[in-house]
Amino acid sequence: MGKIVFNPNLCTGCRACELACSFYCEGIFAPSKSRIRVVKMDWQGVDVPTGCEHCEDAPCMLVCPVKAIYRDEDTDAVLIDCDTCIGCKECIVACPFGAIHFDGRKGILYKCDLCFGDPECVKWCFTKAIEYVPDVEILSEKVRAKHASKVAKAGEASRKLATL
Amino acid sequence: MEEKLGGYAGKFLRVDLTSNRITTEPLSRDLCENYIGGRGISGKIIFDEVKPETDPLSADNVLAIFTGPIVGTLGLTSGRLNVSTISPLTGIYGNANTGANWGPELKYAGYDGIVLTGKAETPKYLYIKDDRVELRDATHLWGKGVMDTTNILLEECGHEFRIGAVGPAAEKGVLFGSIIFDFWDAAARSGVGTVMASKNLKAIAVRGTGGIEVARPKDYREVAMEGWQALLTDPGFKTQEHPALGTMVVMSWENALGSLPTRNFRETYFEGASEISAERFRDLYNVKETPIPAGRACMSCANRCKRFGKIQSGKYAGTKGNIEFETACAFGSKCGVSDLAAVFHAYMLANDYGMDGISCGNMIATFMELYEEGILDKDKTDGLDLHFGKADTMIEMIHRIGNMQSELGRLGAKGAYHATKELGNGASYYTSCIKGMDTIGTDPRGAIGFGFGFAVASRGSDHLRAHPVFEMLRIPKEIGKELFGAEITLTGYEGKPQMVSWHENYAALSDSMGICRFMHASYYIQYPIPELYYKYGYRKESPHSLKFHDWLAVTTGIDMDYEQLMKVGERIINLERAINLRVGIRRKDDTLPERFFREPIPTGPAKGRKVDKKRFEQLVDKYYELRGWDKKTGFITEEKLRELRMDDVLSELKLRGLLVSGQHSAEISGVKVKKSEKRQSGAKKAGK
């Protein structure tokens, strides 16, 4: 159950992930060919990394009329089989994250394939705004730990208050 | 057929606004090898295409916007772009640099640069989407602020577009107009925005869906990662002071050193510095609450020095944007204002009007001092109380200058150099201008090498031509000795010409490739500095370093070693010198304002310091010697130009009688363009 976790709060908007992705997947530096995209909202001063969430109940997979979208057994990534794909682009419309793209020159649809379990973009994100979690169970463990430490701190504070 | 160079888009746009003609031109391999890109190539275009007699605000002036070969790739800090022209503010070579995403977008659209000539009859904006390039009507944008303009164009063209726009100040003829890219990133110095507006061009909107190929893709990743690691493992970076607080952190550093210009340049220690510090900005206005408070980065950069903040309540509620040190210093300590909200608001006002915040802040600070000294009469100020520290007056002055309203506003629009000249009565003494350009937020008396860098900088007083913070950091003395032949100290004179010329060459190179100054002249992560730390035992393991030569080679396929690349930097410095020689710059112009020689610093940690004129002149002598320039006139020697293989520059200078031979450098005669006349022409335009 692998997944890339996006944390917009840690994103600086440097777009190294986009460059790394397009270079790794296409051999050129072209953010418009990247599977991961940083939505830069300069006016608000906010940068949000977005990409495929490899949904469990993936809308793209559901709407594909020729069943070209499938789940990889090893990485659990949602992938497109280009040979079966007819290019109807229904998946682009269905995806709630805008994570599926169409390459007009090649005439194919493409999306994040998690680099088969070793995503390149993550290696270039040094603020950890995007992180690859091979097993999502670890995620909830992390959240639990964070929550617990907050509770512990709150407990400490209330004890201090009580002794005043 | 010639092998295509990697990295480059390979062609640039030529847009003639007079005839509405848009063409593309190939970028020759020769030009790329000799001048690399960015500052180098745009400078060469200015040298080749603008006659020295040209009025900077006429249709004959050229505005060249160029990126570099590494721009838009994964290398560290690859988001820079350069704008070159002949400056209306100074009358000499004008250049401005900025970061972020506009430059890369231009390359993805398929162009390394844009050369703008002529003048449109009605306001236009340039629309670029890949192959589709057109001049569109901009009458509905004319007169609008930069923020509105950018928002409207994003709606019109699409939110994927990157916008560079000028503001109403530049349209009206304020001589220090800036071009603001994507709301917050300014190419501001030298009045490049005023030149763009004088062509009736309001904005450039760019969207590119193509990509950049590099020459050696197999090696590229490793070289790029080495550069990133050089920064990430650097001890200075690891302290996280700069990334966490942004450039504003310099406020307290400079104040501690006693080199923070205060109340114009009267003092160098500001008692209110902690009120307008980076920490306070973080605590009061930063938007995101994260371990990296609101840190935003230019393309492909780990340093994230841009601070984004918003004022939520009070008088200036709604003010938002990126804040940087230089402009904050100009509106803060230089004007004696310790109200951070007012400084932040002033900064964003200047941005919205499209004015260089440094020049604007300096102008107001100069007026304030002239007012206090009694040189600026009350009848000239329309009742404004221009004492230092008056935040409301400062804000009112920004509106007046930006709109060129009232006598003082019109005067201020000409910049401190022209304004004080016009005022007379000894007013010029109170400006910090060198070659017509205002000095930034470091007092030359507090940092000798920095000050020396201002004096010889090619765009007039400027820290970024050299940026020798080497003297301010605690860098082991062995490294200074090895690189510059002397132990480098903050207040010493030894080794400073070597230090400044080395920094200048590196800076010219990095501006031409498209790299940020902070990498090679703040963190010093570039070859050979980390290697020297290791050599002298200050680093345990063999360190990572940013190797410009490797980087250029894997990107473009141009194989040059470190020495050869430094020669390219030197060539660019000499090219800019040649442009300046043609418009009348001589040795006498390579100096500091009299004040820094005469007045010792009155207060603070650097109390009593001033620049020793005799020793300073010796620095200039030594610097000229290193550069191969004539000590008497400041001309470039024929030998130097031959050594740098700049034959076209050589014949042009010879034609104009601006050349000496190293052996007979005493005898000079030739055509001289009167600089005072040239500068006047720009000022007159502004005043009409």
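Domain bounds here come from an automatic or database domain assignment. The model is predicted, and its two chains, A and B, are described in turn below.

**Domains**

Each chain is divided into two parts, as the table shows.

| Chain | Domain 1 | Domain 2 | Distance between C-alpha centres |
|---|---|---|---|
| A | residues 3–133 | residues 135–164 | 34 Å |
| B | residues 1–233 + 434–628 | residues 246–430 | 23 Å |

In chain B, 56 residues of domain 1 and 45 residues of domain 2 take part in the contact between the two domains. On the domain 1 side, the elements that give two or more residues are α4, α5 (168–172), α7 and α25 (594–598) of chain B. Of these, α5(B) gives the most, with four residues. By class, this side of domain 1 of chain B has 31 nonpolar, 18 polar and seven charged residues.

**A sheet in chain B**

Chain B has an open sheet of six strands, in the order β8-β7-β12-β9-β10-β11, with mixed pairing. Strands β8 (132–137) and β11 (185–187) of chain B stand at the edges; each has a single partner strand, so one side of each is left without a neighbour in the sheet. On average, and with direction ignored, neighbouring strands of this sheet are turned by 20 degrees against each other.

Within the sheet, strands β7 (residues 124–129) and β12 (residues 201–207) of chain B run parallel and are joined by six bridges. One residue pair can be named: B:L126 has B:I204 in β12(B) as its bridge partner.

Helix α4 (residues 146–157) of chain B lies across four strands of chain B: β7, β9 (162–166), β10 (179–181) and β12. The helix runs at about 145 degrees to β9(B). Helix α4 of chain B is also among the elements on the side of domain 1 that touches domain 2.

**The nonpolar core**

The largest nonpolar core has 260 residues, and the members that touch the most others are B:M251 and B:M394. Helix α13 (residues 340–353) of chain B gives the most to this core, with ten residues. Leaving out residues up to four places away in sequence, B:M394 touches B:F331, B:C335, B:V337, B:A342, B:A346 and B:I364.

**Where the chains meet**

The contact between the chains takes 31 residues from chain B and 26 residues from chain A. On the chain B side, α7 (217–232) and β13 (295–296) are the elements that give two or more residues. The residues on this side of chain B divide into 15 nonpolar, ten polar and six charged. Helix α7 of chain B thus appears in two places: on the side that touches chain A, and on the side of domain 1 that touches domain 2 of chain B.

Definitions and conventions
Residues are numbered from 1 along each chain as its sequence is written. Chains are lettered from A and ligands numbered from 1 in the order in which they are written. This is a predicted model: local features need pLDDT of at least 70, side-chain atom pairs count only at pLDDT 80 or more; totals for chains, interfaces and linings use all residues. Two strands pair if DSSP finds at least two bridges between them. Axes are lines fitted to C-alpha atoms, for helices over the stretch in contact, and angles run from 0 to 180 degrees between N-to-C directions. Two residues are in contact if their C-beta atoms, placed from the backbone, lie within 7 Å. Ala, Val, Leu, Ile, Met, Phe, Trp, Tyr, Cys and Pro count as nonpolar, Asp, Glu, Lys and Arg as charged, and the others, Gly among them, as polar. A nonpolar core is a set of buried Ala, Val, Leu, Ile, Met, Phe, Trp, Tyr and Cys residues joined through C-beta atoms within 7 Å. A residue is buried if 20 or more other C-beta atoms lie within 10 Å of its own, exposed if 12 or fewer, and partly exposed in between; C-beta atoms are placed from the backbone.
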